[in-house]
Structure formats: structure tokens, C-alpha cells
Amino acid sequence: MTLKYYNTGGVNSLIEEFFHLTFDESDLPFESKVLPICSPTITYIYNNQHRFLYKKKQTLCNQLILTGQFYDSYQFLVEEKGHSYGISLKPTTLYKLTKLDVSKIKNKHVQLSKFSKDLHDILNPIFLKYEDEIPKLSQNLKKVISKVPVETNSEIDTIDQAIEIIHSREGMLNAYELLDYIGYSQKTLETHFKKIVGITPGKYIRLFRFLRLMRKYESNTIKLKDLIYMYNYYDHSHFSKDFRHFMKESPKNYFKSEHPFLNKYLNK
């Protein structure tokens, strides 16, 4: 299994990262847990089929798919060799490009054409034309994305501001504290945040904080026990509760096992 990332220069205000994932015969069958990264993802799956298992529901995907905001982990399974190329979007980008309610695809993998035929028709020809020329695929996706009309309004600007605050604080605040910075009521903030980002601000904060902790752990920059307190977990049981929610297993079971895909996915 090979996972590579590509430069987003030129569209880094809209795109978090481009990535290329390849599976050979020696990797199969492949199965891994996936921790959501606080962003929707658009992925073209070439030559094979990916299976996603979430809360006992299985989704089979190929070609151009859209992954919405997930609030906890899901299983990712591959049984045939092939490759895929994906675009991890900034939290508000999908709404900016489509003007569609992103909460409609919360915890879902769907064909992009079913969510936005217009965006599918713009991106799909590029994925098909440059399947075997990944550097050119990256370059041409940047070009076409930079030309897509982007929705801008005060609501989006406010939600972008809220996300910037959450990120700068590394998720160490709550939704009520956001109101001190944002000129919205709690209900208005929650309504707009959910429509534009896909989940509520409270859920986004909790997920982002946990994701930051896991990325620091995987990068071996600090011991887990220190991270627990750094990220405002009052004690180990409080951390374990969040861990079981997001990872669907206990910290003890997770940390005694190998997770090569998650290690590459988080440690970048």
C-alpha cells in the first residue's frame, strides 16, 4: 500500500491536500480503520472497488465518490489491486463550490453525481483523462478547481472565522466560547455551521481536538499521557470515553496493534 500527497499550490485556500493511494496484490485483502479528518473528500477510485463499513451498513464505491463529514471512524476495505486519487477539501469548500447543504451527506459515501451533477461534470473528465499521469492530474485539477465559481457571503465568512478560531486553539474551547468571537446566537451559529460544514460546531470541535491529539501521538512528538492533559482531558477515563467513541475500541486494544494505514494517514 502506497499513500502519497501532492502540493496544493494555487488552490490551497480551497483544498487541504491531494493524495494518491495504490494497492498491489501483496497488500490484499486490505482493511483499516479510518479516522475522519474534519473535511469532505472527493475521490476517484480506478480499476477496483472500495468497501466502507459504518455502523454495520456497507457501502460499495467506485469511480467518482464524495465522502461527507463523518463524526466517528469507519472501516475501509479493498480486495482488488488498483489505485485512487483524492481531494481533501477545506471544511467549507464543498458548500462554496456547490451551494448545497453539506449536512445531507453527513456520515455517508455517495456518488458525487448524486450530490452535485455540476461539480461531477467539471471534475470527472480530468480524472479520466489523466488517470495514468498523476502529476498532470494534480496540475489540471488545480487549474479547473481554481476556475469554479465560489460562493461568498457573510455567513460563509463567519463560519470560516469560527473554524480558524477552533484550529488556532487546537480544539481546546467549546461551542459557547465561540459565541464570544462570532456575532451569532447559539442557534444561528449551529444552523449555519451544520449547513456549510456538515456537522455542528460542538461536534467539529470535539473531533478536531481528538484528531490533533492522534496526529501528535503518531508523530512521536510527545507521550500519550502528556497529550491527554495537554488537550484538556480531565483524566484518563474522560480520554477513554472519547477514544471509544471515535475509534470504536479501547485505547489499550488500539495501541497494542499495528495500524500502518492510519500511521501514514495521520503522520504527515
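Which residue in β8 is the bridge partner of Thr67?

## Strands β4, β5 and β8

In this predicted model, the bridge partner of Thr67 in β8 is His109. That bridge belongs to the pairing of β5 with strand β8, residues 109-111, where the two strands run in the antiparallel sense over 3 bridges.

Strand β5 also pairs with β4, again in the antiparallel sense, and here 10 bridges join the two strands. Within this pairing, Arg51 has Leu60 in β5 as its bridge partner. The two strands form a hairpin with 2 residues between them, and in the turn Lys55 has a positive phi of about 50 degrees. As general background for looking at such strands, the side chains in a regular strand alternate between the two faces of the sheet.

## Helix α3

Helix α3 covers residues 117-129, and its 13 residues, counted at 1.5 Å a residue, should span 18 Å; the C-alpha atoms at its ends are 18 Å apart, so expectation and model agree. Even so, the helix bends by about 30 degrees at Leu123, and a proline, Pro125, follows within four residues of that point.

Leu123, the residue at the bend, is also one of the buried residues of α3, which are Leu119, His120, Leu123, Asn124, Ile126 and Phe127. The cover over these buried residues includes the strands β4 (41-54), β5 (57-67) and β7 (82-89), together with the helices α1 (93-98), α2 (112-115) and α4 (134-147). The hairpin strands β4 and β5 are therefore among the elements that cover α3, because what covers its buried residues includes both of them.## Leu178 and Leu179

Leu178 has its place in helix α6, residues 175-178, whereas Leu179 lies in the loop between α6 and α7 (186-197). Leu178 counts as buried because its relative accessibility is 0%, while Leu179, with a relative accessible area of 25%, is partly exposed.

Leaving aside neighbours within four places in sequence, Leu178 is in contact with Ala162, Ile165, Ile166, Leu173, Leu189, Pro201 and Ile205. One of these contacts, Ala162, is 16 residues away along the chain, and the C-alpha atoms of Leu178 and Ala162 are separated by 6.8 Å.

Leu179, when residues up to four places away in sequence are not counted, touches Tyr184, Ser185, Gln186 and Leu189. From C-alpha to C-alpha, Leu179 and Arg215 are 28 Å apart in space, with their positions 36 residues apart in sequence.

Key: Residues numbered from 1 in each chain as written. Predicted model: local features only at pLDDT ≥ 70, side-chain atom pairs only at ≥ 80, totals over all residues. Heavy atoms only, no water. Expected span 1.5 Å × (residues − 1). Bend = angle between axes of the 7 residues up to and from the residue. Buried < 20%, exposed > 50% of the residue type's maximum accessible area, 1.4 Å probe, protein only. Contact = heavy atoms within 4.5 Å. Pairing = 2+ DSSP bridges.
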